[in-house]
Amino acid sequence: MVGHPDLTVPTLALLEEELRSRLVDRARTGRAGLVRAGKGLPVVFGRAARKAGLALVTVLPSLSGVPAYVAEPDRKAAGELLLLSQMVRLVEYDPGDRASCISADEALVRSCARVLAIWDGSPSNGRDATAHLVAYARSHGVDVEVLWPRGAQHRTVPYAEARGACGLTGRSPRTTD
């Protein structure tokens with residue numbers, strides 16, 4: 001799953017039920033969902049996956065094979081995701097480096113059978129890599145399903161706050177949605 005990191009609280013609530021209903025079929029087929037640990041959408045996806053009976057894999061950053069420090073505000077969210085997960089996957093990337101995060105996301109997308117994109121269709125803007133990851137998935141032959149429910153909105157995030165965030169767009173691996 002990939003998606004915008006700046007969704008409003010009402011949008012996240014709307015998405016949780018929508019995601020749960022979409023993930024039920026994937027759970028029946030033995031698929032798994034993959035998200036990169038972080039606040040907002042990844043936690044909503046994790047909760048929806050659990051309610052749908054879908055196995056969840058949470059990706060944590062690692063540096064030289066050792067789990068990397070997860071900074072606030074993502075630490076609490078990472079903890080919840082770990083409790084919801086059946087598996088943890090360590091991926092080499094620096095969560096404080098946007099380019100490193102995007103490279104990790106691209107590697108995860110390449111391992112997917114399908115990507116569920118929570119995306120309004122907007123282009124990349126230097127803070128949000130959702131459009132880039134959708135295009136990247138499509139260019140690598142990964143099936144992309146776009147979800148943007150009626151009434152979904154972004155919150156206003158100061159550029160400096162969002163720029164350093166490695167975000168959360170959640171991710172999906174092979175046999176994962």
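## Salt bridges in the model

A salt bridge is counted here when a side-chain nitrogen of Lys or Arg lies within 4 Å of a carboxyl oxygen of Asp or Glu. By this rule the count comes to eleven salt bridges in the structure, which is a predicted model. In general terms, side chains of opposite charge can pair when their charged atoms come close.

One of these pairs is formed by lysine 51 and glutamate 16, whose side chains meet with an N to O distance of 2.8 Å. Lysine 51 belongs to helix α2 (residues 41–52) and glutamate 16 to helix α1 (residues 9–28), so this salt bridge ties together parts that are 35 residues apart in sequence. The two partners sit in contrasting surroundings: lysine 51 has a relative accessibility of 57% and therefore counts as exposed, whereas glutamate 16, with a relative accessible area of 15%, is buried.

## A network around arginine 22

Within helix α1, arginine 22 forms a salt bridge with glutamate 18, and the closest N and O atoms of the pair are 2.8 Å apart. Both residues lie in that helix, four residues apart, which corresponds to about one turn. An α-helix has 3.6 residues a turn, so residues three or four places apart point the same way. Arginine 22 is partly exposed, with a relative accessible area of 25%, and glutamate 18 is likewise partly exposed, at 27%.

Arginine 22 also meets the side chain of glutamate 145 in a salt bridge, with an N to O distance of 2.3 Å. This pair links distant parts of the chain, since glutamate 145 is in strand β7 (residues 143–147) and arginine 22 in helix α1, 123 residues apart. Glutamate 145, at 17% relative accessibility, counts as buried. These contacts belong to a network of salt bridges that links Glu18, Arg22, Arg26, Arg114, Asp143 and Glu145.

## Arginine 28 and glycine 53

Arginine 28 is also part of helix α1, and with a relative accessible area of 64% this residue is exposed. Its side chain is joined to that of aspartate 25 by a polar contact of 2.6 Å. The C-alpha atom of arginine 28 is separated by 8.1 Å from that of glycine 53, although the two residues are 25 residues apart along the chain. Glycine 53 follows helix α2 and has a positive phi, near 80°.

## Helix α2

The twelve residues of α2 should span 16 Å at 1.5 Å a residue, and the end C-alpha atoms of the helix are indeed 16 Å apart, which agrees with that expectation. Nine of the twelve residues are buried, so the helix is largely enclosed by the rest of the structure.

The buried residues of α2 are Leu41, Pro42, Val43, Val44, Phe45, Gly46, Ala48, Ala49 and Ala52. They pack against a set of elements made up of the strands β1, β2, β3 and β6 together with the helices α1 and α3.

## Helix α4

Helix α4 (residues 98–110) has 13 residues and reaches 18 Å from its first C-alpha to its last, close to the 18 Å expected at 1.5 Å a residue. At its N-terminal end the helix is capped by aspartate 97, a side-chain oxygen of which lies 2.9 Å from the backbone nitrogen of alanine 99.

Buried positions in α4 are Ser100, Cys101, Ile102, Ala104, Asp105, Glu106, Leu108 and Val109. What covers these residues includes the strands β1 (2–3), β2 (32–36), β3 (55–63), β5 (87–92) and β6 (114–118), as well as helix α5 (130–139).

## Threonine 58 and a nonpolar patch

Threonine 58 lies in strand β3 and, at 0% relative accessibility, counts as buried. Leaving aside residues up to four places away in sequence, threonine 58 touches Val35, Ala37, Leu81, Leu82, Ser85, Met87, Val88 and Arg89.

Among these contacts, leucine 82 and valine 88 also take part in a nonpolar patch on the surface, which Leu82, Val88 and Leu90 form with about 220 Å² of accessible area together. Leucine 82 is placed in helix α3 (residues 74–84) and is partly exposed, with a relative accessible area of 34%.

Conventions:
Residues numbered from 1 in each chain as written. Predicted model: local features only at pLDDT ≥ 70, side-chain atom pairs only at ≥ 80, totals over all residues. Heavy atoms only, no water. Helix = DSSP H or I, 4+ residues; strand = E, 2+ residues; numbered from the N terminus. Expected span 1.5 Å × (residues − 1). Buried < 20%, exposed > 50% of the residue type's maximum accessible area, 1.4 Å probe, protein only. Contact = heavy atoms within 4.5 Å. Polar contact = N/O pair within 3.5 Å; in protein donor to acceptor, adjacent residues only side chain to side chain. Patch = residues over 30% accessible without salt bridge, like charges linked within 9 Å, V, L, I, M, F, W, Y side chains within 5 Å. Areas by Shrake-Rupley, 256 points an atom, 1.4 Å probe, with all protein chains shown as cover.
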